[in-house]
Structures are given as C-alpha cells and as structure tokens.
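Morning, everyone. Let me put the structure up and walk you through the parts I find useful. Please have the sequence open beside it.

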Amino acid sequence: MKPAFLPFDPCFEIHHLRYFITVADELSFTRAAERLYMAPNNLTVQIQNLEKQLGIKLFDREKRPIQLTQAGSAFLEDARSILATLEQAEHKVQRIGRGDLGYLIVGFTSSMANGVLPDILQVFHQSCREIKLILREINSAMQIESLRNRQVDIVFVYQDFKADDNSDLKVMQLLPESLVVVLPERHPLAAKSKISISELADEDFIMPLPQHEGGLFPQIEKIFRQAQIVPNVVQEALFMVTILGLVAGEIGISILPSSVENLQRKGVVYRPLIEETTAERLNAIWRYDDSSAIVSNFVKIISENFCTQA
C-alpha cells in the first residue's frame, strides 16, 4: 500500500494562504503582487496551484474586478483564522525563547522563606510578571538530588558548595548573612545591646538539625571551638519556628542567621554578636546544561541585586 501523504506541504500552504488573503483583500492580482513584492504572473501561478490542490476555484476571474467565489469567501474566513493562530503561536514561542513567558520551579528550605527568598521573588516578579513561579519547599539534604533529577530548576542551599566537585552544576554565592543570638525576653543577657561568644559558655542551646539547615550547627560549633567553648545542646529542631517556640518557652537559647528576626516571635529577642560572624553563605545552584532563558534571567537578577559582584 502506498503511504498516505498530505495534499500539499504545510509550510508551502502558509505562503499560499498569505498570497490568497492578499489577493482577496485587493481583488486585483496586480495590486496584490505589488504588496507582496512579487511579479503578477508568479502570483497568478501560486493561486492557481492552490486552487488545483484544493480542487476548487477561489476567484471568479471573468468579473472585473475579480470576485471571490462562494467557496473562496468561506475559505477566506478560515485562512484568516489559521494565519492568526500561527502568528499567535509564533509570538508565544518567541516570548518563551526570550524568557518572557513560562514557568520556573524554585527549591528552597523553610529558613529561606523568612530570609532573602521573598526579596528575590519580588524583584523577579516585577521584572518578569508573566513567569509563573512554582515554589517547592525541600529538605536541604534533598535539594541537589531534586535539581539533578530535574524536579526543580534552581535551588538555594546554605552550605559550602564546591562547583569544582560538581561539574554538572553551576553555583553563585549570595551576600553573607550575620548571626544573632536568640534569647527568651526575660533572659539576663537580653538587657545587653550586643553579646560576646564568651558570655554564652554556660548556656543551654537549641540548634537546627544539620541535615535540614545546611550545616549551620557545625558552623556554630566551629565558632565555639575557636572560642574554646563546648556548647551544651539540649534540643535540636527541624524548623526555625520550632526553635523560636522553644526559646520562648525558656528551654534554651540559640544562634541563627539574622533573617530569623523577620519572624518576630512573641517572648523572643535577638541580639547581635560582638564578634564578626556570618552564617554559611547562601548559594543559588542550577544545572550547567540548562539553556532556559527563564533560568538565565532569574540568575541575572540574583547576581545584580543579591551578590557582592556580578
């Protein structure tokens, strides 16, 4: 059996539709040819070919000026609709290619929701209002795996991430964030404007689980180690809000990134450290082979607004 085939090349048909619509608008092959920058004879041949492929006459050439046949009038309506749909599709795909339209899946941890993430999303939304942002709260330990599995387009991780050891990924460091002491409002140290690490030697601590907060606990341990202090950790918690609740309940104190102050938990106060300390830098990480213009635009906005250098 002979293979089925289209009556004419779809790409060639598009040109025929444009030719036909122009002739129908002008009701003159000469004027239509001028608009199309074609020789009148060539345009006539193109319309004849279209009529041959359709098996119907589109124009009554016996009249002056020429007139659309009944079939031609019906075909004109559909031809306009087809071209309008194609133009809309072309415009849409061009906007997607530029990163003006589409969606972006962002992976983040719970602590980021109270930190710089809302600021990043706000700036991006102002610049790219028609990009749909899909936000997925993911355990820190699963962030990179989700990125590699293409479940997300970009993630934010608080940890020392080496791009050299992960050649399939790109990484960009955001501005560093200071650490603050989190105290019950009735704690004696709450009366001070700043607190030294040495003043915390005998305190009970509530700390985030390392696997959920990107290594913050080991970093705090390092700070105490440098001060030759071993912190007494009485409780670990999964979420920042849980830590704040336990601090408010006077179970202990904590040291957290300064963005935690955005939570404003009743019964809790925040005090800066006298020593210069910063939380582990926040990293934006995305796939090296991701050619998405949306991802590129998102990264550009982060680089220009939330990094020490572009």
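Start with strand β7. Six of its six residues are buried, so β7 is largely enclosed by the rest of the structure. Buried here means under 20% relative accessible area, exposed means over 50%, and partly exposed is in between, with a 1.4 Å probe and protein chains only. Both faces of β7 are covered. Leu179, Val181 and Leu183 are buried on one side. Val180, Val182 and Pro184 are buried on the other.

Some ground rules. This is a predicted model, where local features need pLDDT of at least 70, side-chain atom pairs count only at pLDDT 80 or more, and totals for chains, interfaces and linings use all residues. Residues are numbered from 1 along each chain as its sequence is written, and side-chain values use heavy atoms, with hydrogens and water left out. Helices are DSSP runs of H or I with at least four residues, strands are runs of E with at least two, and both are numbered from the N terminus.

Now, which sheet does β7 sit in? An open one of three strands, in the order β10-β7-β11, with antiparallel pairing. The edges are β10, residues 254-257, and β11, residues 268-272. Each has a single partner strand, so one side of each lacks a neighbour in the sheet. The twist from one strand to the next averages 40°. Two strands pair, by the way, if DSSP finds at least two bridges between them.

Take the pairs in turn. β7, residues 179-184, is joined to β10 by four bridges, running antiparallel. There, valine 182 is opposite serine 254. Helix α8, residues 240-248, packs on this sheet and touches β7, β10 and β11. Contact means heavy atoms within 4.5 Å. The direction of α8 makes about 145° with that of β10. Axes are lines fitted to C-alpha atoms, for helices over the stretch in contact, and angles run from 0 to 180 degrees between N-to-C directions. On the other side, β7 and β11 pair antiparallel over five bridges. Valine 181 faces arginine 271 in that pair.

One loop residue deserves a look. Serine 259 lies between β10 and β11. Is serine 259 buried or exposed? Buried, with a relative accessible area of 13%. Leaving out residues up to four places away in sequence, serine 259 touches Asn114, Gly115 and Glu177.

Next, the other sheet on my list. Five strands form an open sheet, ordered β4-β3-β5-β12-β6, with mixed pairing. β4 (131-137) and β6 (169-173) are the edge strands, each pairing on one side only. Neighbouring strands are turned by 25° against each other on average, direction ignored. Within this sheet, β5 (154-158) and β12 (282-287) pair antiparallel over five bridges. Isoleucine 154 is opposite tryptophan 286 there.

Two helices pack on that sheet. Helix α6, residues 140-148, touches β3 (102-108), β5, β6 and β12, at about 160° to the direction of β5. Helix α9, residues 293-306, touches β3, β4, β5, β6 and β12, at about 55° to the direction of β3.

Now a helix pair. The axes of α2 (29-36) and α3 (40-54) come within 9 Å and cross at roughly 100°. That makes α2 and α3 roughly perpendicular. For the scale, under 35 degrees is roughly parallel, over 145 roughly antiparallel, 65 to 115 roughly perpendicular, and the rest oblique. Phe29, Ala32, Ala33 and Leu36 in α2 meet Pro40, Leu43, Thr44 and Ile47 in α3.

On to cysteines. How many disulfides are there? Zero, where a disulfide is a pair of cysteine sulfur atoms within 2.5 Å. Cysteine 128 is buried at 11% relative accessible area. Cysteine 307 is buried too, at 12%.

Finally, the totals. The protein has nine helices and 12 strands. Of its 310 residues, 43% count as buried. Among contacts with a separation of 6 or more, 74% join residues 24 or more positions apart. The exposed area is about 17300 Å², with 50% of it from carbon and sulfur atoms. Areas come from the Shrake-Rupley method with a 1.4 Å probe, and for residues only the protein chains shown count as cover.
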